[in-house]
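The following note reviews one protein model point by point. Please read each paragraph with the structure open.

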Amino acid sequence: EKKYDYLIVGSGLFGATFAHEMTKAGKKCLVIDKRDHTGGNIHCKKIEDINVHWYGAHIFHTNDKFLWDFVNQFTDFNRYTNSPIANYKGELYNLPFNMNTFYSLWGTKTPKEAKEEIARQIKHLNIGEPQNLEEQALKLVGTDIYEKLIKHYTEKQWGKKATALPAFIIKRLPVRFTYDNNYFNDKYQGIPIGGFNKVIDGLLAGCDLRLNTDFFDNKSEWLNAAEKIVYTGKIDAYYDYRFGELEYRSLRYELEVHDTENYQGNAVMNFTDAETPYTRVYEHKHFEFGTQPKTVITKEYPVKDAQNAEPYYPVNDEKNMHILKKYQDLASKEEKVIFGGRLAEYRYYDMHQVIASALLKSKNELKNE
Ligand code: FDA
């Protein structure tokens with residue numbers, strides 16, 4: 001008889017949600033994480049009494065009432081609404097592209113005028129089926145928005161020319177013909193009051209936890225530590241990279257503390273010109289309407305050599321998906337190990353999606369007993 005029913009590798013949102021459901025069902029869970037903190041990428045560090053989103057800005061949003069109620073059981077959420085500002089060489093525009101943006105650019109006041117202006121800009125371009133990101137963007141929003149707000153920002157992010165990027169990346173570009181600066185379309189949105197750590201702490205209550213503990217430092221022993229394993233790390237790492245490494249796009253963050261109460265007046269500012277080396281500046285206190293005397297900002301830089309950096313966004317192109325398939329074939333044969341979360345599934349998940357996935361997998365697990 002083993003001491004634990006489940007060993008959960010990774011205390012991110014997937015691992016923590018799974019652990020919560022299992023603990024609730026009376027199972028004994030041990031959660032390990034190689035980092036010195038829980039929460040994976042939603043972890044916040046307190047600096048100057050401000051919750052700093054350590055791995056990039058996180059805003060919870062969902063259309064699903066059940067998931068909204070689920071996260072609200074750990075702490076109430078505030079009314080934060082994501083409305084980034086774009087800064088192009090000192091000119092400021094509202095995002096996502098909407099009537100406010102169009103008015104600032106062209107002085108157009110009605111949806112009809114704005115649509116006519118976009119149509120006028122793309123008429124002579126004769127774009128058929130878009131062959132790359134540039135053509136796709138031009139077709140959706142015209143030349144001005146493309147030049148000022150999309151082209152350089154995207155090229156900085158990807159380190160590639162917009163003409164060399166596939167069109168699908170930008171297929172769902174949010175464009176609105178209303179005066180609505182809310183970036184997300186979802187019904188529910190906000191930041192947990194007290195920060196994301198509150199949610200993670202609530203999820204992990206009642207299970208055992210060991211930080212600074214890398215599964216691979218002692219793989220064979222860990223494999224015997226519990227009846228079953230839930231693994232939320234990189235799937236290629238689990239199989240010793242035997243079919244090759246899966247690629248990720250990464251980011252680098254530089255933190256600054258400023259001795260001012262309010263630095264940029266908004267939580268998120270995108271720098272859309274080519275000259276500014278960073279892509280975004282976050283001012284963390286604004287996620288929580290903070291009134292602290294100082295402020296903490298983070299500059300976000302794209303990373304060129306992503307292989308040794310923090311893995312953030314999977315690159316789901318043909319080459320990587322082919323490699324992934326081989327790992328998935330091995331994973332599907334495992335009897336003791338459940339793979340879940342963004343790294344083990346090599347999939348971009350928003351927070352609400354990763355919670356939904358963990359809830360479903362834990363439910364299936366309990367059903368199959
Ligand atoms: P996550 O990576 O969080 O957790 C995995 C854990 O496993 C980590 O703690 C890691 O240390 C641990 N681990 C890995 N290997 C291990 C090993 N060998 N041994 C022990 N432990 C190991 N979503 C959203 O809804 N709104 C938003 O605004 C954003 N913003 C955002 C910005 C950026 C820059 C990114 C990259 C992502 C977002 N997201 C987001 C997505 C969000 O971050 C994501 O959905 C969750 O963090 C995924 O949780 P997981 O548990 O899957 O992975």
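1. A residue is called buried under 20% relative accessible area, exposed over 50%, and partly exposed in between, using a 1.4 Å probe and protein chains only. By this rule Tyr 238 is buried, at 5% relative accessibility.

2. The model is a predicted one, in which local features need pLDDT of at least 70 and side-chain atom pairs count only at pLDDT 80 or more, while totals for chains, interfaces and linings use all residues. Residues are numbered from 1 along each chain as its sequence is written, and side-chain values use heavy atoms, with hydrogens and water left out.

3. The protein chain is assigned domain 1 (4-78 + 189-246 + 314-367) and domain 2 (96-170); such bounds come from an automatic or database domain assignment. Taken over C-alpha atoms, the centres of domain 1 and domain 2 are 37 Å apart.

4. The whole structure contains 16 salt bridges, a salt bridge being a side-chain nitrogen of Lys or Arg within 4 Å of a carboxyl oxygen of Asp or Glu. In one of them, Glu 21 meets Lys 24 at 3.5 Å, N to O. Why can these two be described as about one helical turn apart? The reason is that Glu 21 and Lys 24 are 3 residues apart in helix α1 (residues 13-24). Helices (H or I, at least four residues) and strands (E, at least two) are DSSP runs, numbered from the N terminus. Glu 21 is buried at 14% relative accessible area, whereas Lys 24 is exposed at 60%.

5. Arg 252 takes part in two contacts that deserve attention. The first to examine is a salt bridge with Glu 254, with the closest N and O atoms 2.8 Å apart. Both partners are partly exposed: Arg 252 has a relative accessible area of 37%, and Glu 254 has 32%. Arg 252 also lies over the face of Tyr 301, at 4.3 Å from the ring centre. A charge sits over a ring if NZ of Lys or CZ of Arg is within 6 Å of the ring centre and within 35 degrees of the ring normal. Similarly, the charged end of Arg 249 is placed over the ring of Trp 158, 4.3 Å from its centre.

6. Glu 300 and Arg 280 form a salt bridge whose closest N and O atoms are 3.0 Å apart. Since Glu 300 belongs to strand β15 (residues 295-302) and Arg 280 to strand β14 (residues 280-283), the pair ties together parts that are 20 residues apart in sequence. Glu 300 is buried at 1%, and Arg 280 is buried at 18%. Elsewhere, Lys 151, Glu 155 and Lys 161 are joined into one network by salt bridges that share partners.

7. There are 27 aromatic pairs in the structure. Rings of Phe, Tyr and Trp (its six-membered ring) pair if their centres lie within 6.5 Å; planes under 30 degrees apart count as stacked, over 60 as edge-to-face and the rest as tilted. Tyr 6 and Phe 18 have ring centres 5.8 Å apart and planes at 65°, so this pair is edge-to-face. It links distant parts of the chain, as Tyr 6 is in strand β1 (residues 4-9) and Phe 18 is in helix α1, 12 residues apart. Tyr 6 is buried at 4%, and Phe 18 is buried at 0%.

8. Which arrangement do the rings of Tyr 238 and Tyr 239 adopt? Their centres are 4.9 Å apart and their planes at 75°, so the pair is edge-to-face. Tyr 239 is buried at 5% relative accessibility. Ring pairs also link Tyr 238 and Tyr 239 into a cluster including Phe 215, Phe 216 and Tyr 231.
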